[in-house]
Amino acid sequence: MTLTQEFDTIAAISTPLGEGAIAIVRLSGTDALKIAQSVYKGKNLTQVASHTINYGHIFEEKRLVDEVMVSVMRAPKTFTREDIVEINTHGGIAVTQEILQLLLRNGARLAEPGEFTKRAFLNGRIDLAQAESVMDLIRAKTDKAANIAVKQLDGSLSKMINNIRQEILESLAQVEVNIDYPEYDDVETMTSQMLLEKTAHFEQLLENLLSTAKRGKILREGLKTAIIGRPNVGKSSLLNQLLREEKAIVTDIAGTTRDVITEFANIGGVPLELVDTAGIRETDDLVEAIGVERSKKALAEADLVLLVLDASNELTDKDLELLELSKNSNRIVLLNKTDLPEKIDSTQISGDFIRISALKNENLNAVEEKINQIFFAGEIEAKDATVLSNARHISIVEEALKALKEANSGLALGLPVDLIQVDVTRCWQLLGEITGEAAPDELITQLFSQFCLGK
Amino acid sequence: MNFQENYDVVVIGGGHAGVEASLAAARMGSKTLLMTINLNMVAFMPCNPSIGGSAKGIVVREIDALGGEMGRNIDKTYIQMKMLNTGKGPAVRALRAQADKDEYADSMKNTVSDQENLTLRQGMVEELILDEEKKKVIGIKTSTGTKYGAKAVIITTGTALRGEIIIGELKYSSGPNNSLSSIGLADNLREIGFEIGRFKTGTPPRVLASSIDYDKTEIQPGDEAPNHFSFMSSDENYLKDQIPCWLTYTTENSHTILRGNLHRAPLFSGIVKGVGPRYCPSIEDKITRFADKPRHQLFLEPEGRNTEEVYIGGLSTSMPEDVQFDLVKSIPGLENAQMMRPGYAIEYDVVMPHQLRPTLETKLVSGLFTAGQTNGTSGYEEAAGQGLVAGINAALKVQGKSEFILKRSEAYIGVMIDDLVTKGTLEPYRLLTSRAEYRLILRHDNADRRLTEIGRQVGLVSDEQWEHYQAKMAQFDREMKRLNSEKLKPLPDTQEKLGKLGFGPIKDALTGAEFLKRPEVHYNEVIDFIGQAPEKIDRTVIELIETEITYEGYIKKAMDQVDKMHRLEAKRIPKNMDWDKLDSIATEARQKFKKINPETLGQASRISGVNPADISILMVYLEGK
């Protein structure tokens, strides 16, 4: 028997963490090609020749994540002697992490420290003499990973996870006690309805936690923001206000293939990554300069769209076209030039808008608040709020959530509580993997401290 | 050595572990001696008069499927039978019987006495005789000086090993129920070098049935629908005139009496030193730990058909006897009750179970096995299950055959033994369903399917049992096949019938099995559509079919996990493994590995404090060997 069979397909970022020209996400295992193909558009990776590199794009459903080169190497002539796929990304931490997450969601498991090397050894790729060094490598990497994990696992996160686990544990103990002590009438019987309420509550807690994963990313990476509007509505003034000396950070991202200047504005603690500011500066007309197609693309890539309208003039067809174009984005409509008499018919604008004067720097704080509302449900204040940011943690929480959802669908089908418990227990165990080794016999200890039992 | 007699297997102790161990060894063809301190206490039930219950009931079925005796014996001697957890899922249903204590013990003693190859004898074993290198057991010596030669010895001494009974301020040397305490053997085990622990358990007072006012209690009758522990028992023999139990409660007054005397409770005064079980606390422990509970349930359980003794389940205590008198009278229904025996606590020596291999053979002495309460468990069923495994392995060893180890995915008995030898235990160990990670697979309705074949292979399952099992499985297969081929078609009369039963119409034809997959559909409803089977289908087969089909998805998920675990289980660690050679491993893991000496990668991975990286390193090391 080869040990290979028992292994899942694993994935990890194989280049050092940090900004580089490119980064590589590597997959190894029987399903490597299948999993890569499930997030990739380009040639069919499951059919391309071995040891080829292929150009294409990574998509999350319909959203473009990155333009990539993908190396396909089939077993056995690979490092691990398993099928290997290496995805070369554009080097940003965010995008690389995102691709890794995507692969994990599609069936890969995050590799343990040293696991690629371990497989290489177990599959006979590395010879016996190297066994010792493989073991040292696993140990060293584990220690390092443990250190990193400890750093990443900040107090509030582990406290939160522990609280959720404890709540789940109490419910589990109640189900268990009904099973192991069926005749003890002092213990309320956990019905499907009660359990459903609990699991729905747990699901909400985990959903909240996962939503912080997105928030964490925004806080770290910034919001991709596009400013659009027809010429002379005041986009440049707005840009300049946003980029006021003390707030502006201008970076030139070297080594990327795109020769674009990206500028950051800090709005109420949220970094806005302003897309194609050069275009706005040069022409004051993004749409005309780059054409409707490119506008659409900019809109599609943006997390946030600021649509500027001239309040001192009536709405034009062009304005309406832009309103239509951006209606599905996270959009804030700005009625600019409130320093002049208002002529615009605001009843024609569906949804909210904010009146500002970019020139006079009036009411820009309302924009900050709005951004805050859209992305953080007004919670940006909590600077030390629990944020899920580690790839491993995110994938575990996602798994745990999946288990809870299975519990809920089982409950909906009317399956007995003790079967549902299988999935709830799994959820509880998974969460334990974030905070570290679960204590032995945790559940049984809980059982006997929570209830008075005995003959 | 001058031996009086020579045996293949000698079993020390005639309790629930000892009888299963000796019967198994004898039935497998080993010449076996069962030594007991008191011949009147073979298969004696020193505590509650019941067999089975949650998890434990499944163990009894497992013992039966493997060819053991407990299930058959209780089916002959119960006074009440009850299926527990009927309102829950299939995985946790469990049978419990109230036993006629005397009849149970008598019947088992007769089975043992009548067993070919098995000698039953009274005597107290004081010493194990080892070979010159002290590595292997070769015989035993009794308190009278008689020596017996043995190729294998199984110690099943229960609470007798340096037993001490405690009632209030009183503490005296005694085995269960005032039998003799075994002190010589306890000393001998220490001398040999075993790590010995000290545990505590207890039992409640017994009262005179005719002095109980049952009107003040609630009746707890048995089931009318037949059920048995043994797969061989038939419904025609199901007991009609069952004897009920009765439910009552402690009162505020009971708690006041206890609180007023806590300073005299041996549990708190420091007299009790052994570690007691959390799951079976005494009443003085309960009112202290759960002080806000106004009352505790008590079950009045008759100890038999021909005895007046009634066991007060829930009132385990070691309070002084005068407190027990008052305590009993403070309970509704027991105001005028006459106490026949006081409750007591008992402390005893335990061979800490991490010193055992999964076969229950000690790592220190070849051929020496221990089972039951000696290994730190509690409960008749846990004892019997281990006794069976120890008996089978002793016989196999004597016969030079390969070992018998039940996996965690095969039996609750496997879960228990793996827990004991891998994790050890710090308190008396009781089986709970929550200890089993694969409980959807370890059900009471499929215990025969899981284990009969295994029992047959080791030579314990009789021809009769084997044929019975095969006939049942053949019927199961035929009916499954029929359910998978006969179809419900979307015809008007079918739709109408579905509507009448409260089901929605069907779009496409579906098989009986597919219909049965709906949680709300039962076998009988499927038969309404696809017709009766050409043969009479046994109710136990129907139960099995319903479970296997309705919960197929969950069972499959569990089986996938089992498969993964098996691959780790298949990876064996060499016996003479030098853990110091693994430099890269964490210190804590190395210490644990040295202590437990896991036999497979699977077992190694279950040791607490061992992390996945340690297992990875071990895996790499083993591959490199």
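**Figure 1. Annotated binding-site residues of chain B, beginning with G13(B) in the loop between strand 1 (5–12) and helix 1 (16–27) of chain B.** This view, like those that follow, is drawn from a predicted model. According to the UniProt record, the annotation "binding site" covers G13(B), G14(B), G15(B), H16(B), A17(B), G18(B), V125(B), S182(B) and Q373(B). G13(B) counts as buried, its relative accessibility being 12%. Leaving aside residues up to four places away in sequence, G13(B) touches G18(B), L34(B), M35(B) and T156(B). H16(B), also covered by the annotation, is placed in helix 1 of chain B. With 7% relative accessibility, H16(B) is likewise buried. The contacts of H16(B), again without residues up to four places away in sequence, are A43(B), F44(B), M45(B), M70(B), Y104(B), Y380(B), A383(B) and A384(B).

**Figure 2. An open sheet of 3 strands in chain B, with the order 3-5-4.** The pairing within this sheet is antiparallel. Strand 3 (50–52) and strand 4 of chain B are the edge strands, each of which pairs on one side only. On average, neighbouring strands are turned by 20° against each other, direction ignored. Between strand 3 and strand 5 (residues 94–99) of chain B, the antiparallel pairing extends over 3 bridges. Within strand 5 of chain B, A97(B) is the residue that stands opposite I51(B). Two helices lie across strands of this chain. Helix 2 (residues 56–65) of chain B crosses strand 3 and strand 5, and runs at about 75° to strand 3 of chain B. Helix 3 (residues 70–77) of chain B lies across strand 3, strand 4 and strand 5, running at about 115° to strand 4 of chain B.

**Figure 3. The surroundings of L95(B) in strand 5 of chain B.** L95(B) has a relative accessibility of 2% and therefore counts as buried. Apart from residues up to four places away in sequence, L95(B) touches I51(B), G52(B), G53(B), G57(B), R61(B), M81(B), K82(B), M83(B), N227(B), H228(B) and F229(B). A separation of 8.3 Å is found between the C-alpha atoms of L95(B) and H444(B), which are 349 residues apart along the chain.

**Figure 4. The aromatic pair formed by Y78(B) and Y238(B).** Over all chains, the whole structure holds 7 aromatic pairs. The pair of Y78(B) and Y238(B) is tilted, with 6.2 Å from centre to centre and 35° between the planes. Because Y78(B) lies in strand 4 (residues 78–84) of chain B and Y238(B) in the loop between strand 14 (218–220) and strand 15 (245–249) of chain B, the pair ties together parts that are 160 residues apart in sequence. Y78(B) is buried, at a relative accessible area of 7%, and Y238(B) is buried at 5% relative accessibility.

**Figure 5. An aromatic cluster and two charges over rings.** F503(B), F515(B) and F529(B) form one aromatic cluster in chain B. In chain A, R26(A) lies over the face of F116(A), at 5.1 Å from the ring centre. In chain B, K31(B) lies over the face of Y7(B), at 4.9 Å from the ring centre.

**Figure 6. Strand 8 (residues 223–228) of chain A and its pairing with strand 12 (residues 304–310) of chain A.** Of the 6 residues of strand 8, 5 are buried, so this strand is largely enclosed by the rest of the structure. Strand 8 and strand 12 of chain A pair in the parallel sense over 4 bridges. L304(A) in strand 12 of chain A is the bridge partner of T225(A).

**Figure 7. Backbone features in loops of chains A and B.** In chain A, a cis peptide bond joins A75(A) and P76(A), with omega at about 5°. P76(A) is placed in the loop between strand 5 (63–73) and strand 6 (84–89) of chain A. K337(A), although not a glycine, has a positive phi of about 70°. The loop that holds K337(A) runs between strand 13 (331–336) and strand 14 (354–355) of chain A. In chain B, N177(B) has a positive phi near 50°, and N177(B) too is a residue other than glycine. N177(B) belongs to the loop between strand 11 (170–173) and helix 5 (184–192) of chain B. At 25% relative accessibility, N177(B) is partly exposed.

Terms used. Residues numbered from 1 in each chain as written. Chains lettered and ligands numbered in written order. Predicted model: local features only at pLDDT ≥ 70, side-chain atom pairs only at ≥ 80, totals over all residues. Heavy atoms only, no water. Phe/Tyr/Trp six-rings, centres within 6.5 Å; stacked < 30°, edge-to-face > 60°. Buried < 20%, exposed > 50% of the residue type's maximum accessible area, 1.4 Å probe, protein only. Lys NZ or Arg CZ within 6 Å of the ring centre and 35° of its normal. Pairing = 2+ DSSP bridges. Axes fitted to C-alpha atoms, helices over the stretch in contact; angles between N-to-C directions. Contact = heavy atoms within 4.5 Å. UniProt positions renumbered as here; feature names shortened; annotations may be inferred.
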